[in-house]
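Got the viewer open? Keep the selection box handy, and we'll walk from stop to stop.

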Amino acid sequence: MAEGLSLPVFDYTLRMVALGSGALGVVSGALGVFAVLRKQGLLGDAISHAALPGIALAFLLTGSRSTMVLVLGAAAAGWIGTLAVMQIVERSRIKEDTALGLILSVFFGIGLVLLTYIQRVPTASQAGLDRFLFGQAAALVGRDVALIAGLGALALLVTALFWKEFKLLAFDRAFGESLGIPMRTVDVVLTSVLVLAIVIGLQTVGVVLMSAMVVAPAAAARQWTDRLGVMVLLSAAFGALAGVSGALVSSMVERLPTGPTIVLCISVIVLASLLFAPNRGLVWNAARRYRSRRRLRVQSVLVDLYALARQHEHLEHAHSTAAVRAMSYGRGGTLASLRALEQRGLVRRAGRDLWSLTPAGIREAESLLAVGDREAP
Amino acid sequence: MSPELEIQLVAVVVAVACALPGVFLVLRRMALMSDAISHAILLGIVLGFFVAGDLTSPLLVVGAAATGVLTVALVELVYRTGLVKEDAAIGIVFPALFSVGVILIARYAGDVHLDVDAVLLGELAFAPFDRMEVAGRDVGPRGLWVMGSILLLNVAFIAVFFKELKLTTFDAALAGALGFSPALVHYLFMSMVSITAVGAFDAVGSILVIALMIAPPAAAYLLTDDLGRMIGLSAAIGAVSAIAGFWLSFLLDASIAGCMATMTGVAFTASFLFAPERGLVAAVRRRARQRLEFAQRMLAIHLAQHEGAPDAVEESRVDHLHEHLRWTPEFAGRVVRESERRGLVRREGERLWLTEFGRAYADRSFVAD
């Protein structure tokens, strides 16, 4: 039992890291749904990069390295960056992808200028600022977790309050406008909440990887459901799962940075969802395709046998496998199809390697051909 | 050559080499592919580093370029499933590859000189210290030779495939119908983007590569409609931003690459605001001019309507316009002055008379042009 006390759950640092990462996963997962549905998945990438100058400026102006101040600076810069993207797209012929890439990289460049400038000012030390660049989940303390949870709760609360409006914005903006809802304002509110969700994650997973926390849980959740409410809940759950498991795994293996581990965890969830989600999953899709192709093949063998039999006096005339195979040259699987038909009682063996239709098989073949005739133009 | 001159030379070569493929990234709406590629090549650099053992091996460039192309292929694979949109496909693929790269560095390369900072941020100031030697003779900074070769490769690629690139960019369906393979051109082009991003990363870092690829072409896109001119302008804007960035960094004692990216941002902002036809200022002025023109037409119609009517005297007074047409007195004054100048109206004190030309103008306004 004494062993149990040293389990990771009881370690303060790890508990904080896991809690913080989990909370971050919930918030970015939930808000990411709207970004992904609006095909703005990469807005998260732009916002997180654009936050860098805000962090540097906040430090430069206040001299404070407290998470609260830096996060506010990040939020302000991220927000300005997003508005700049919107303005560029609206007021020029520049497309959204270019605007995003432009703001992302130029803001990051400005941030880098400020960071290196700070570094070279003798009185200030840059230490603590580049944890935002790559994330340093291991440095999370209780205060940081409280901040993540507090701001995250605020973001979720706003989402709950504006649920209907956000839904309209995601699916039918024009309809919302026709109802008299100021969709531009709703857009700005949603974007602000997204900015909030992103900046609280920066010090955990870092600027570069934050975009994955926005896109991936939502993309995974999308595969499991067609309902917005369920999708938001699922996405939040996936985000939390990735956050917590990433934190645990990285604590158990030496020299495994937390941020990238969390991202790999969420990538695994995405991969599993793409492959195995019911209805949309690639595996089920392939299985469905295989089954229907097989059914078609069996049916066509039955009809082939019928066509052969029609050339003889009675329809139960037996034919060899080779003869049936010749009818469906190149399709393969003839013998397996004949066996499947035998099992269903539509075909029977009339000797070694000889097959003939049963009365039920004749009826089935005729009805298949009748359907084919009816459907042909 | 002095180190300062060498740095500027490298900066200009990097900026121009990035701007050339950037033009097509912007036009093909694939700007964010540069984001994905430049991040994902970290993995290729790391793997190449493990195989080759040092950061100067050409194997790194090959490995990283291959990773870039792999990224493009993976994004397309995910997108083609139809389960996610393209933006999400990009957002899923590159962070995963980047994470693998970071983890590999943290676990196996911690003791050698390869850290994420260096790859992400780059440091141009070190360019003059890394020399290229041929037969024991110093022939200049290595970065200059590497990027110079990539620049030449880009120029050659665009020159040879100009027609194909142009066609697949503006009308992929037509290109396919004419027998060009859009997919082949696409992958060749993406290989160029990857190679350029790899070559540029140790000068400016993988994130600022994006700025050098996207911002100059975006600025040029607002200045011209001609593809050839856009390529030339992008290269020029990139080069000027590079030199301006160098001097800004000199002034602030800050990161050269960061300053270059900042200056490309300044160049874009200038173009966004002041481009002769598409700039914000031009648009505002055009709207103001249209408003004034429309107001003159209104004035002519107004005077023509009341001409000869009993209320003509009342309706034709300048100080009455702001009541009837809801114009501010200042705006009314401007409209009247402008109309007088064009010979639409004649003014006697407060009374306005329509000229012959003005009457014809008002009549014409009712007929659809």
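What follows is a short tour of this predicted model, with something to select at each stop.

**Stop 1: a glycine in a helix.** Select A:G73. You'll land in helix α4 of chain A, which covers residues 67-91. Is A:G73 buried or exposed? A:G73 has 11% relative accessibility, and since the cut-off for buried is under 20%, A:G73 counts as buried. Now show what is around it: leaving out residues up to four places away in sequence, A:G73 touches A:G54, A:I55 and A:A58. For a sense of scale, add A:A30 to the selection. A:A30 and A:G73 sit 23 Å apart, C-alpha to C-alpha, with their positions 43 residues apart in sequence.

**Stop 2: a bent helix.** Go to residues 202-222 of chain A, which make up helix α11. Put a distance label on its end C-alpha atoms: they are only 24 Å apart, whereas a straight helix of 21 residues would reach 30 Å at 1.5 Å a residue. Where should you look for the kink? Centre on A:V208, where α11(A) turns by about 100°. Colour by accessibility while you're here: 20 of the 21 residues in α11(A) are buried, so the helix is mostly covered.

**Stop 3: where the chains meet.** Show both chains and select the contact residues. Chain A brings 53 residues to the contact, and chain B brings 61. Of the area that chain A buries against chain B, 14% comes from A:L42, A:R93 and A:R255, more than from any other three residues. The buried area between the two chains is about 4800 Å², with carbon and sulfur atoms giving 73% of it.

How many salt bridges are there between chain A and chain B? The count is one. To see it, select A:R93 and B:D225, whose side chains meet at 2.7 Å, N to O. Polar contacts across this interface come to 13 residue pairs, both residues being at pLDDT 80 or more. Next, colour chain A by helix: α3 (43-62), α4, α5 (96-120), α6 (131-134), α11 and α13 (258-276) each put at least two residues on the side that touches chain B. The largest share of that side, 16 residues, comes from α5(A).

**Stop 4: a threonine in chain B.** Select B:T264, in helix α11 of chain B (residues 256-274). B:T264 counts as buried, at 1% relative accessibility. Apart from neighbours within four places in sequence, B:T264 is in contact with A:V106 from the other chain, and with B:A211, B:L212, B:A215, B:P216 and B:S241.

**Stop 5: charged pairs.** Side chains of opposite charge can pair when their charged atoms come close. Over all chains, the salt bridge count comes to 14. Pick B:E307 and B:R359, which meet at 2.9 Å, N to O. This pair links distant parts of the chain, 52 residues apart: B:E307 is in the loop between α12 (280-306) and α13 (312-315) of chain B, and B:R359 is in helix α16 (residues 356-366). B:E307 is partly exposed at 34%, and B:R359 is partly exposed at 27%.

Then select B:R346 and B:E348, another salt bridge, with closest N and O atoms 3.1 Å apart. B:E350 and B:R347 form one too, at 3.4 Å. For a last selection, take A:R38, A:R173, A:E177 and A:D187, which salt bridges with shared partners join into one network.

How values were computed: Residues are numbered from 1 along each chain as its sequence is written. Chains are lettered from A and ligands numbered from 1 in the order in which they are written. This is a predicted model: local features need pLDDT of at least 70, side-chain atom pairs count only at pLDDT 80 or more; totals for chains, interfaces and linings use all residues. Side-chain values use heavy atoms; hydrogens and water are left out. Helices (H or I, at least four residues) and strands (E, at least two) are DSSP runs, numbered from the N terminus. Buried means under 20% relative accessible area, exposed over 50%, partly exposed in between (1.4 Å probe, protein chains only). Contact means heavy atoms within 4.5 Å. The expected span of a helix is 1.5 Å times one less than its number of residues. The bend at a residue is the angle between axes fitted to the seven residues ending there and the seven starting there. Buried area is the accessible area (1.4 Å probe) that two parts lose on being put together, summed over both. A salt bridge is a side-chain nitrogen of Lys or Arg within 4 Å of a carboxyl oxygen of Asp or Glu. A polar contact is a pair of N or O atoms within 3.5 Å; within protein, one must be able to donate a hydrogen and the other to accept it, and residues adjacent in sequence count only if both atoms are side-chain atoms.
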